[in-house]
Amino acid sequence: MAFNIRLMCQEDLPQVNEIDHEAFPTLWPPPNYHRELKNGLAHYIVACDEEEEYEPPAPKDAPPKGYFGLPARLRRLFNHHRPSDNEPASSVSGYIFGFAGLWLMAGEAHITNIAVRESYRRQGIGDLLLISMIELAVELDAHLVTLEVRASNTTAQSLYAKYGFIEVGLRRGYYTDNREDGVLMTIENVTSAPVQANLRQLKQAHARRWRAPIRRIAR
Ligand SMILES: CC(C)(COP(=O)(O)OP(=O)(O)OC[C@H]1O[C@@H](n2cnc3c(N)ncnc32)[C@H](O)[C@@H]1OP(=O)(O)O)[C@@H](O)C(=O)NCCC(=O)NCCS
């Protein structure tokens, strides 16, 4: 296994959309990650195994073999059909376990997303993505890292609290799907010596704890 954190690229988008859909089913369609990758303020990473092949799931509404419907015929005729972000890729090498992103604005790194495939959760991948996001924020000269999390999402809140995020406010009705409140959490002075020392310790603890290879867990 070649487990790795790297920057997200276009070829990752079918898997990223799949993970997004699983993690945030009420917020479909997902953010336009294709556009996000071209956005100079946005920075996205993926946790992946470069040596493992991604097998896209068969589309639920796939036509039976031998189907020659008009759209397919037209597509072939004009040869204009290119895979979109939401379509499964033919076969991209590298299996993505999860991803995360941030926007950098005026010295503030705003974490927009973090998600791990359900069948690979609770194996330290969320930790690693968040550590990498904080490190990326520091590399980008941010002084503050901030995010919103659903009031009901105690799992994510616990992850953020572990890495020193502190609740600093509540955005009432922040989430458009169910008008749920968003809890605003931040790490201030992220480049300061105490924050960096704490992060180093947490990183070492993570490396000691998660030595075993990542595996798929039936849920
Ligand atoms: C939040 C999420 C990214 C965590 O990913 P993960 O790979 O399972 O997380 P890890 O195994 O690295 O766990 C890291 C920490 O998260 C917290 N955590 C993870 N799963 C948890 C659970 N089921 N219950 C409580 N805390 C949990 C814990 O603090 C944990 O640290 P610990 O193992 O020392 O207790 C994942 O649950 C997810 O994708 N959820 C759906 C998307 C989402 O809600 N994203 C956040 C949007 S703001």
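## Close-up views of a predicted protein model

**View 1. Asparagine 189 sits in a loop.** This loop, home to asparagine 189, runs between β7 (182-187) and α6 (193-209); helices (H or I, at least four residues) and strands (E, at least two) are DSSP runs, numbered from the N terminus. This is a predicted model, in which local features need pLDDT of at least 70 and side-chain atom pairs count only at pLDDT 80 or more, while totals for chains, interfaces and linings use all residues. Residues are numbered from 1 along each chain as its sequence is written. Is asparagine 189 buried or exposed? Asparagine 189 counts as exposed because it has 11 C-beta neighbours inside 10 Å. (With C-beta atoms placed from the backbone, a residue is buried if 20 or more other C-beta atoms lie within 10 Å of its own, exposed if 12 or fewer, and partly exposed in between.) Beyond its neighbours within four places in sequence, asparagine 189 is in contact with His143 and Val195; contact means that C-beta atoms, placed from the backbone, lie within 7 Å. Asparagine 189 and valine 138 are 51 residues apart in sequence, yet their C-alpha atoms are 9.9 Å apart in space.

**View 2. The largest nonpolar core has 40 residues.** A nonpolar core is a set of buried Ala, Val, Leu, Ile, Met, Phe, Trp, Tyr and Cys residues joined through C-beta atoms within 7 Å. Phe99, Leu129, Met133 and Ala137 have the most contacts inside this core. Among the elements giving it two or more residues are α1 (13-23), β2 (42-53) and β3 (93-105). Its largest share, eight residues, comes from α4. Setting aside neighbours within four places in sequence, methionine 133 is in contact with Ala100, Leu102 and Ile111. In soluble globular proteins, nonpolar side chains tend to be buried together.

**View 3. A shell of 18 residues surrounds the ligand.** Which of these residues come nearest? They are Arg121, Gly126, Asp127, Ala156 and Leu159. β4 (108-116), α4 (125-139) and α5 (154-162) each supply at least two residues of the shell, and α5 gives the largest share, five residues.

**View 4. Residues 64-91 have pLDDT under 50.** pLDDT is the predictor's confidence in each residue, from 0 to 100. For residues 64-91, the model has 20 contacts beyond four places in sequence. The protein chain has a mean pLDDT of 87, and 84% of its residues reach 70 or more.

Note on methods: Near = placed C-beta within 6 Å. Contact = placed C-beta atoms within 7 Å.
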